[in-house]
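Thanks for asking me to look this one over. Here are my notes, set out as numbered points so that you can check each against the structure.

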Amino acid sequence: MKKKKYVNSGTVTLLSFAVESECTFLDYIKGGTQINFTVAIDFTASNGNPSQSTSLHYMSPYQLNAYALALTAVGEIIQHYDSDKMFPALGFGAKLPPDGRVSHEFPLNGNQENPSCCGIDGILEAYHQSLRTVQLYGPTNFAPVVTHVARNAAEVQDGSQYSVLLIITDGVISDMAQTKEAIVNAAKLPMSIIIIGVGQAEFDAMVELDGDDVRISSRGKLAERDIVQFVPFRDYVDRTGNHVLSMARLARDVLAEIPDQLVSYMKAQGIRPRPPPEATASSPPQSPARTPPASPLHTHI
């Protein structure tokens, strides 16, 4: 500045410039995004005879079994993010009446056209009814139920809906390659998967599907997002018998990744949250807005 002819000390050119606001899970929920909750329950023979107290499916008159506890813990929280409270409930690994056909994607309520149950109590009722009518069999295949939910998720990709599949299982997965391929394909859709392992089996394959350490891949194709969360139910069994506290911890841990997974999908698709309904009371409903690409901005300093 001591020099009379001083102009500047150089020029910095910004070739591209954008201002982004970080949107949160609650921004999307307040904007009307619905969580579509689906449950899939393992009906393979490794669970044990439901009529015997040693079975993981045993229906005690005094307390809920591990399947019912896990379903209730997660469902009681996630149901509040779905306005109609109608939840598809599927089973896999059982022989169905009347012909003994093995199915890995059957409706617990027996309605092939509409597998939805009314509320968590409706799912539990359909689950108990299925235990009385189907024959536990096998193997433990996940791919059909993952693909089932992925088909539904693919129908609405504008940010107004997000699907969450809860799989409760006792055993070692039998169709690992097909399941990995189904998850890799689902990773580009508005969808997350929660897996709760019940019983004392080894769940090494589930940890691999979780993808926290190594993102899963299939046929050389890497999953676009980590959409799977796995927890073993036995880690949450309270030895003092305090099921309320232990199930609260279970729900907290299995649902912990859902907000970030939902936001990561929306961000990847350039979908912004809609304004809360009260801010647009006079306007017709609309899909969440897609963020336009930033225009290059040249700035000289």
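The points below start with the chain as a whole and then go through its parts.

1. Overall picture. Please keep in mind throughout that this is a predicted model. The secondary structure comes to eight helices and twelve strands. Along the principal axes, the C-alpha atoms fill a box of roughly 95 × 45 × 40 Å. Of the 301 residues in the chain, 47% are buried. If you take contacts between residues at least 6 apart in sequence, 78% of them join residues at least 24 apart.

2. Strand E8 and its partners. What does E8 pair with on the E1 side, and how many bridges are there? Strand E1 (residues 34-42) runs parallel to E8, and eight bridges join the two. One position to look at is Gln34, which stands opposite Gln161 in E8. E8 is also joined to strand E9 (residues 191-197), again in parallel, by seven bridges. There, Ser163 stands opposite Met191 in E9. To get from E8 to E9 the chain passes through helix H5 (residues 176-186), and this β-α-β crossover is right-handed. As for its surroundings, E8 (residues 161-169) is mostly covered, with eight of its nine residues buried.

3. A small open sheet. Three strands make up an open sheet in the order E4-E3-E7, with antiparallel pairing. Strand E4 (101-103) and E7 are the edge strands, each pairing on one side only. Between strand E3 (residues 94-96) and E4 there are three bridges in the antiparallel sense. Leu96 has Arg101 in E4 as its bridge partner.

4. Helix H3. I checked the length of this helix against expectation. At 1.5 Å a residue, the 15 residues of H3 (residues 119-133) should span 21 Å, and the end C-alpha atoms are 22 Å apart, so the two agree. The buried residues of H3 are Gly119, Ile120, Gly122, Ile123, Leu124, Ala126, Tyr127, Ser130 and Leu131. Several of these spacings are worth viewing with helix geometry in mind. An α-helix has 3.6 residues a turn, so residues three or four places apart point the same way. The partners of the buried H3 residues include E1, helix H2 (66-78) and strand E2 (86-92). Strand E5 (106-107), strand E6 (116-118) and strand E7 (135-136) are also among the elements they pack against.

5. Glu257, a residue to look at. Where is Glu257 found? The residue is in the loop between helix H7 (243-255) and helix H8 (258-269). Glu257 is buried yet has no salt bridge, and the nearest side chain of opposite charge, Arg215, is 9.6 Å away. Not counting residues up to four places away in sequence, Glu257 touches Asp212, Asp226, Val228 and Gln229.

6. Cys23. This residue is in the segment before helix H1 (25-30). Is Cys23 buried or exposed? Its relative accessibility is 16%, so Cys23 counts as buried, the cut-off being under 20%. Leaving aside neighbours within four places in sequence, Cys23 is in contact with Tyr28, Val263, Arg272 and Pro273. Leu124 is 101 residues from Cys23 along the chain, and their C-alpha atoms are separated by 35 Å.

7. Salt bridges. How many salt bridges does a search of the whole structure find? The search finds five. One of them joins the side chains of Glu208 and Lys180 (2.9 Å, N to O). This pair links distant parts of the chain, with Glu208 in helix H6 (residues 204-210) and Lys180 in helix H5, 28 residues apart. Glu208 is partly exposed, with a relative accessible area of 40%. Another salt bridge is between Arg219 and Glu181 (3.5 Å, N to O). Arg219 lies in the loop between strand E10 (217-218) and strand E11 (221-222) and Glu181 in helix H5, so the pair ties together parts 38 residues apart in sequence. Arg219 is exposed, with a relative accessible area of 75%, whereas Glu181 is partly exposed at 27%.

8. One more pair. Arg252 forms a salt bridge with Asp253, and their closest N and O atoms are 3.1 Å apart. Arg252 is exposed, with a relative accessible area of 52%, while Asp253 is partly exposed at 23%.

Terms used:
Residues numbered from 1 in each chain as written. Predicted model: local features only at pLDDT ≥ 70, side-chain atom pairs only at ≥ 80, totals over all residues. Heavy atoms only, no water. Buried < 20%, exposed > 50% of the residue type's maximum accessible area, 1.4 Å probe, protein only. Helix = DSSP H or I, 4+ residues; strand = E, 2+ residues; numbered from the N terminus. Pairing = 2+ DSSP bridges. Right-handed = clockwise from strand over helix to strand, strands pointing away. Lys, Arg positive; Asp, Glu negative; His and termini not counted. Salt bridge = Lys/Arg side-chain N within 4 Å of Asp/Glu carboxyl O. Contact = heavy atoms within 4.5 Å. Expected span 1.5 Å × (residues − 1).
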